[in-house]
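Here is a brief report on one protein chain. Look over the sequence and the model first.

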Amino acid sequence: MSNQTLQFKNDIFVQSTGTVVGPKEAEGPLKTTFDKFYDELYCGEDTWELAERKLMSEAIDICLEKANKKSEEMDFFLGGDLLNQNITASYVAREKEIPYFGLFNACSTSMEAVILAAVLIDGAFANHVMTAVSSHFSTAERQFRFPTEFGGQKPSTAMWTVTGSGAAYVSKKKSNIRIETATVGKVIDLGVTSPFNMGAAMAPAAANTIKTHLDDLNRDPEYYDLIVTGDLSRVGSPILKSLLLENNLDISKIHQDCGIQIFSGDQSVFSGGSGCACSAVVTYSHIFNQMKRGTLKKVLVVATGALFNTLMIQQKESIPCIAHGVSFEYVES
């Protein structure tokens with residue numbers, strides 16, 4: 001067994017979640033599963049950055065309200081986003097006044113936060129940990145690609161950054177969603193250089209994490225009812241399946257992708273959704289709802305992230321990627 005996969009000594013659970021999304025996400029097939037949505041990208045604020053901050057703050061508030069908890073009862077807040085210096089999470093941490101770890105693993109940050117929350121609790125360093133991530137179409141576009149007003153054309157391999165935030169509160173108190181194991185990903189880079197083809201760039205990292213997870217625990221893919229990736233979308237998902245088949249691992253019947261699920265086929269989102277919020281809002285709403293109903297018992301969530309910035313792309317660097325996996329198990333309350 002590698003040192004990448006963690007098996008916790010204690011039972012650790014997701015107590016509650018909060019999800020808030022933007023207008024395009026609310027037009028998609030999962031609308032009724034989200035806790036709150038906005039019908040415009042400004043979310044009633046003056047700037048897109050303030051809108052993203054509002055999304056994360058409200059997701060945390062919803063999460064706390066469901067658990068009948070207050071901010072001051074949280075031992076730590078683990079938060080991340082896509083903006084420089086994690087400005088969304090940092091300003092929310094200023095507001096919530098919870099001891100704070102700022103995290104960045106791009107779109108894989110949701111599961112990175114859950115893993116670290118579980119580690120803190122399993123090691124008896126904390127009892128109550130809040131995690132939250134966010135992304136916003138317009139803030140990400142002008143930071144990573146072009147100003148929104150530029151109106152540049154994109155290829156069909158491009159992705160649509162999900163506007164939203166997902167929060168999850170983790171503790172030892174028993175609930176229906178147990179955090180069973182976790183696999184920490186390695187940075188994988190197979191030479192993709194286009195920021196408009198992140199699905200292809202991230203697929204090898206997802207394949208590496210899934211294979212490592214299954215090998216370490218001596219499991220077949222069929223052990224899980226569902227193996228879901230964060231945001232490979234329509235380009236990366238077939239590549240992932242092909243890479244795993246080369247290692248005699250067939251996930252074709254149990255694989256789904258959050259970037260495909262969150263939008264309907266007739267929405268103009270290129271190859272699908274991406275962003276920190278993509279895996280978070282789909283997992284914490286749609287997938288967890290199915291687990292609470294008992295229709296899914298064992299789920300492996302593999303959040304994927306492209307670790308690049310505009311300067312490196314301009315210098316012709318390829319895109320390193322990472323994927324973190326967390327296995328969740330339904331338990332009777």
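What radius of gyration does the chain have, against that of a compact globule with 333 residues? The chain has 18 Å, which agrees with the value near 20 Å for such a globule. The radius is taken over C-alpha atoms, and the globule rule is 2.2 Å times the number of residues to the power 0.38.

This is a predicted model: local features need pLDDT of at least 70, side-chain atom pairs need 80 or more, and totals for chains, interfaces and linings use all residues. Residues are numbered from 1 along each chain as its sequence is written, and side-chain values use heavy atoms, without hydrogens or water.

Overall values for the chain:

| Property | Value |
|---|---|
| C-alpha span along principal axes | about 50 × 50 × 35 Å |
| Buried residues (under 20% relative accessible area, 1.4 Å probe, protein chains only) | 60% of 333 residues |

**Helix α4.** Helix α4 covers residues 109–122. Its 14 residues reach 20 Å from first C-alpha to last, close to the 20 Å expected. That expected span is 1.5 Å times one less than the number of residues. Of the 14 residues, 12 are buried. Among them are M111, V114 and I115. Just after α4, A124 takes a positive phi of about 65°.

**D216.** D216 sits in helix α6, residues 198–217. D216 is buried but has no salt bridge (a Lys or Arg side-chain nitrogen within 4 Å of an Asp or Glu carboxyl oxygen). The nearest side chain of opposite charge, K211, is 8.6 Å away. The side chains of D216 and S2 share a polar contact of 2.5 Å (N or O atoms within 3.5 Å, one able to donate a hydrogen and the other to accept it).

Notes: Helices (H or I, at least four residues) and strands (E, at least two) are DSSP runs, numbered from the N terminus. Buried means under 20% relative accessible area, exposed over 50%, partly exposed in between (1.4 Å probe, protein chains only). Lys and Arg count as positive and Asp and Glu as negative; His and the chain ends are not counted.
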